[in-house]
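Student: Can we go through this model together? I'd like to look at the sheets, a few backbone details and the internal cavities.

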Amino acid sequence: MDTMRDRFIATTTRLLDDDPRLALLLAEISKDGFQQALLRHPERVINVGIREQLLIGAGGGMALTGMRPIMHTFASFLVERPFEQVKLDFGHQDVHGILVSAGGSYDWPAGGFTHMSPGDVALMDTLDGWTVHVPGHPDEAEALLRQAAAGDGSVYLRLSVHANTSPYALGGGGGGGSTVLREGSRGVVVAVGPMLDNVLAATEGLDVTVLYATTVRPFDGEGLRRAVAGARPDVVLVEPYLAGTSTAVANDALAEVPHRVLGLGIARRELRRYGSVDEHLAGQGLDPATLRARIAAFLG
């Protein structure tokens, strides 16, 4: 199976051929994959080098002219390092574009903490009006990218090498809603993007509803309210980034319902050994066995 980043490169290359409004801005990362796109569209495919603030600033300038920029690099260099430019050059100027990250929370452990970004979605959550997609499979990443490219809003598409075995139909007809994969009465478990396979394994045989979400902002509060209406209103959120990122929006969605929410994800403590992605998942308590124990303990 190709990776989400492989699919992003192939899909964006085709989109650039089809839509003259689109532009692609790179900061060295993935430049080799876009050589054909650069040759065909040198005026719309620009590599700014390792200058991430310029990456966002140039994208904002293109957006001011009416173009739709797609900006891409590792999440830590796309969201965290140039955050002021994201806030001002897009939000404050009221223009829109597409941020496409790679690296996830710890896709390349050997790169060290500089290349890890468990706090990216929480940071984007401080800005107004951004749609945040977290696909769990390359097919989902392609569908969400195409949707973003055809639209006009501000979109953050978070890609990862960590992926589910199979894709699922995107909820809400266009990726905005969650999808019910199992129904139960003891509680609701929301699996975000690439956490789904581990959540399904962890909840096998448990009497719980499992919701799958690839779009986390805007949060599908209506879908969560429907789910808890048929189950005990105890909710577990399993997200592949900072634990608790979505607990506030889940609490807001259930404000009129007595409920409990547990947010599982990446802890604030730093794991200082390289290891592998699977070892980091286990170290964060997000492997199936530990997830099952944590979910079962919370639901009683």
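Tutor: What follows takes the sheets, then some loop residues, then the cavities; note that this is a predicted model.

Student: Start with the seven-strand sheet. What is the strand order?

Tutor: The order is 2-1-3-4-6-5-10, in an open sheet with mixed pairing. Strand 2 and strand 10 are the edge strands, each pairing on one side only. From one strand to the next, the twist averages 20 degrees.

Student: Which helices pack on that sheet?

Tutor: Helix 1 (residues 4-18) is one of them, and it touches strand 1, strand 2, strand 3 and strand 4. The direction of helix 1 makes about 140 degrees with that of strand 1. Helix 7 (residues 138-150) also packs on the sheet, touching strand 1, strand 3, strand 4, strand 5 (130-133), strand 6 (154-158) and strand 10. Helix 7 makes about 165 degrees with the direction of strand 6.

Student: Back to strand 1. What does it pair with, and in which sense?

Tutor: Strand 1 pairs with strand 3 (residues 68-74) in the parallel sense, over five bridges. With strand 2 (residues 45-47) the pairing is also parallel, over three bridges.

Student: Which residues are bridge partners there?

Tutor: Leu-25 has Met-71 as its bridge partner in strand 3. For Leu-24, the bridge partner in strand 2 is Val-45.

Student: And how many residues of strand 1 are buried?

Tutor: Five of the five residues in strand 1 (residues 22-26) are buried, so the strand is largely enclosed by the rest of the structure.

Student: Which side chains go which way?

Tutor: Leu-22, Leu-24 and Leu-26 point one way from strand 1, while Ala-23 and Leu-25 point the other way; all are buried. In a regular strand, side chains alternate between the two faces of the sheet.

Student: What about strand 3 and strand 4, parallel or antiparallel?

Tutor: Parallel, over five bridges. Ile-70 has Ile-98 in strand 4 as its bridge partner.

Student: Now the five-strand sheet. Same questions: order and edges?

Tutor: This one is an open sheet with the order 7-9-8-11-12 and mixed pairing. Its edge strands are strand 7 (179-182) and strand 12 (260-266), each of which pairs on one side only. The twist averages 25 degrees from one strand to the next.

Student: How do strand 11 and strand 12 pair?

Tutor: They pair in the parallel sense over six bridges, with strand 11 covering residues 234-242. Val-236 has Leu-262 in strand 12 as its bridge partner.

Student: What does helix 12 lie across?

Tutor: Helix 12 (residues 288-299) lies across strand 8 (188-192), strand 11 and strand 12. It runs at about 165 degrees to strand 12.

Student: Switching to backbone oddities. Which peptide bond is cis?

Tutor: The bond from Arg-217 to Pro-218 is cis, with omega near 0 degrees. Pro-218 sits in the loop between strand 10 and helix 9 (221-229).

Student: Which residues other than glycine have a positive phi?

Tutor: Ser-30 and Asp-94 are among them: phi is near 70 degrees for Ser-30, and about 60 degrees for Asp-94.

Student: Where are they in the chain?

Tutor: Ser-30 is in the loop between strand 1 and helix 2 (35-40). Asp-94 is in the loop between helix 5 (83-92) and strand 4 (98-102).

Student: Buried or exposed, each of them?

Tutor: Ser-30 counts as buried because its relative accessibility is 12%. Asp-94 is at 59% relative accessibility, so it counts as exposed.

Student: Last topic. How many cavities are there?

Tutor: Searching the whole structure gives three cavities of 30 Å³ or more. The largest has a volume of about 100 Å³. It is lined by 15 residues, of which Ser-105, Arg-158, Ser-160, His-162 and Pro-240 are the closest to its centre.

Student: What classes of residue make up that lining?

Tutor: The lining of the largest cavity has nine nonpolar, four polar and two charged residues.

Student: And what lines the second largest cavity?

Tutor: That cavity holds about 70 Å³ of space. Its lining residues are Ser-178, Val-190, Leu-211, Ala-213, Thr-215, Val-216, Phe-219, Asp-220 and Leu-224. Strand 9 (209-213) and strand 10 (215-217) each supply at least two residues of this lining. By class, the second largest cavity is lined by six nonpolar, two polar and one charged residues.

Note on methods
Residues are numbered from 1 along each chain as its sequence is written. This is a predicted model: local features need pLDDT of at least 70, side-chain atom pairs count only at pLDDT 80 or more; totals for chains, interfaces and linings use all residues. Side-chain values use heavy atoms; hydrogens and water are left out. On a 1 Å grid over the protein atoms alone, a cavity is a set of points where a 1.4 Å probe fits but cannot get out, and a pocket is an open set with protein on both sides within 12 Å along at least five of seven lines; lining residues have an atom within 4 Å of a point. Grid points are joined across faces, edges and corners, and a volume is the space filled by probe spheres set on the points. Ala, Val, Leu, Ile, Met, Phe, Trp, Tyr, Cys and Pro count as nonpolar, Asp, Glu, Lys and Arg as charged, and the others, Gly among them, as polar. Helices (H or I, at least four residues) and strands (E, at least two) are DSSP runs, numbered from the N terminus. Two strands pair if DSSP finds at least two bridges between them. Axes are lines fitted to C-alpha atoms, for helices over the stretch in contact, and angles run from 0 to 180 degrees between N-to-C directions. Contact means heavy atoms within 4.5 Å. Buried means under 20% relative accessible area, exposed over 50%, partly exposed in between (1.4 Å probe, protein chains only).
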